[in-house]
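Visitor: I would like to learn how to read a protein model, step by step. Could you walk me through one?

Guide: Gladly; let us put it on the screen first.

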Amino acid sequence: RIEHARVDDAMRQGIFTCSASASLREAARTMSLHHVHTVVVTDPADGSPTGIVSDSSLVRAMLDAGGSRSLGDVADPTVPMISSGEPLSAAAELMRDRGIGHLVVRDAESGRPTGMLSTLDIAGILAWGEA
C-alpha cells in the first residue's frame, strides 16, 4: 500500500542519459528504443546531470524548432530528485506540486542517481498494492 511503500519499492533501476550536445532525434531514438518517457541530460565534458527531458517536451521542441536545437537547449535545468528511502507518498506529493511525471532517484547512502520513478510506477502500487 502506498501508505507503507518507499520510493525504492516502486522505482525502476537505471537511468537513460543523453549528452547535452545530442540532437533531439538522438534523444527520441533513445526513448523509443528503451520505451522510456524521460532521459537525463548530461554535461558532455564530465557526464554530470544538467537537466531532464520528457517525451512530451521533446515533441514540443521538435515542432517548435524543427529538430534543429540540441538537447541541452530544451532540457529542463532542474533535475527533480528524491532519495530511494523516502516515503512513496512524499514522491507523489512532489510530483503533484511541481506538475511533473518523473523523478530521478538517488541512493539513500551515496546520493548517486540510481533509477527513475514515474507516476505510472506509483499507479502500479495503487493498483496492485505492491511493487
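Guide: We will go from the overall fold to two helices and then to single residues. Please keep in mind that this is a predicted model.

Visitor: Where do I begin with the fold? How many helices and strands does the protein have?

Guide: Begin by listing the elements and their order. Here there are 6 helices and 7 strands, and from the N terminus they follow one another as α-β-β-α-β-β-α-α-β-α-β-β-α. The radius of gyration is 15 Å, close to the 14 Å that the globule rule gives for 131 residues, so the protein is as compact as a globular protein of that length. Along the principal axes, its C-alpha atoms fill a box of roughly 45 × 30 × 25 Å.

Visitor: And which numbers tell me about the inside and the surface?

Guide: Look at burial, contacts and exposed area together. Of the 131 residues, 34% are buried. Among contacts with a separation of 6 or more, 54% join residues 24 or more positions apart. The exposed area is about 7,500 Å², with carbon and sulfur atoms supplying 50% of it. For charge, compare mean positions: those of the 11 positive and 17 negative charges are 4 Å apart.

Visitor: How do I read the faces of a helix?

Guide: An α-helix has 3.6 residues a turn, so residues three or four places apart point the same way. Now take α5, residues 88-98, where the buried residues are Leu 88, Ala 91 and Met 95. Seen down the axis, these buried residues fall within an arc of 60°, so they line one face of α5. The face turned away from them carries the exposed residues Arg 96 and Asp 97.

Visitor: What covers the buried residues of α5?

Guide: The cover includes both helices and strands: α1 (7-10) and α6 (119-128), along with β5 (81-83), β6 (102-106) and β7 (113-118). Just after the helix, look at the backbone as well: α5 is followed by Gly 99, with a positive phi near 65°.

Visitor: Let me try α2 in the same way. Which residues of α2 are buried?

Guide: In α2, residues 24-34, they are Leu 24, Ala 27, Thr 30 and Met 31. These residues cover an arc of only 125° around the axis, which puts them on the same side of α2. Arg 25 and Leu 33 are exposed on the other side. Covering the buried residues of α2 are, among others, β2 (17-19), β3 (38-42), β4 (49-54), α3 (55-65) and α4 (71-74).

Visitor: What comes after α2?

Guide: His 35 follows α2, in the loop between α2 and β3. Its phi is positive, about 55°, although His 35 is not a glycine. Why is His 35 classed as exposed? The cut-off for exposed is over 50% relative accessible area, and His 35 has 69% relative accessibility, so it counts as exposed.

Visitor: Can we zoom in on the buried side of α2?

Guide: Yes, with the cut-off for buried at under 20%. Thr 30 counts as buried at 17% relative accessibility, and Met 31 at 5%. Leaving aside neighbours within four places in sequence, Thr 30 is in contact with Phe 16, Cys 18, Val 36 and Val 39. The C-alpha atoms of Thr 30 and Cys 18 are separated by 8.0 Å, with their positions 12 residues apart along the chain. With the same neighbours left aside, Met 31 is in contact with Val 36, His 37, Thr 38, Val 39, Val 53, Ser 54, Asp 55 and Leu 58.

Visitor: What about residues outside these two helices?

Guide: Try Ser 83, in strand β5. Ser 83 is buried, with a relative accessible area of 15%. Beyond its neighbours within four places in sequence, Ser 83 is in contact with Val 7, Val 105, Arg 106 and Ala 108.

Visitor: And is there a case that is neither buried nor exposed, and where is it?

Guide: Asp 73, in helix α4, is partly exposed, with a relative accessible area of 49%. Its C-alpha atom is separated by 9.6 Å from that of Leu 24, 49 residues apart along the chain.

Terms used. Residues are numbered from 1 along each chain as its sequence is written. This is a predicted model: local features need pLDDT of at least 70, side-chain atom pairs count only at pLDDT 80 or more; totals for chains, interfaces and linings use all residues. Side-chain values use heavy atoms; hydrogens and water are left out. Helices (H or I, at least four residues) and strands (E, at least two) are DSSP runs, numbered from the N terminus. The radius of gyration is taken over C-alpha atoms; the globule rule is 2.2 Å times the number of residues to the power 0.38. Buried means under 20% relative accessible area, exposed over 50%, partly exposed in between (1.4 Å probe, protein chains only). Contact means heavy atoms within 4.5 Å. Accessible areas come from the Shrake-Rupley method with a 1.4 Å probe; for residues, only the protein chains shown count as cover. Lys and Arg count as positive and Asp and Glu as negative; His and the chain ends are not counted. The place of a charge is taken as NZ of Lys, CZ of Arg, CG of Asp or CD of Glu. The arc is that of the directions from the helix axis to the C-beta atoms.
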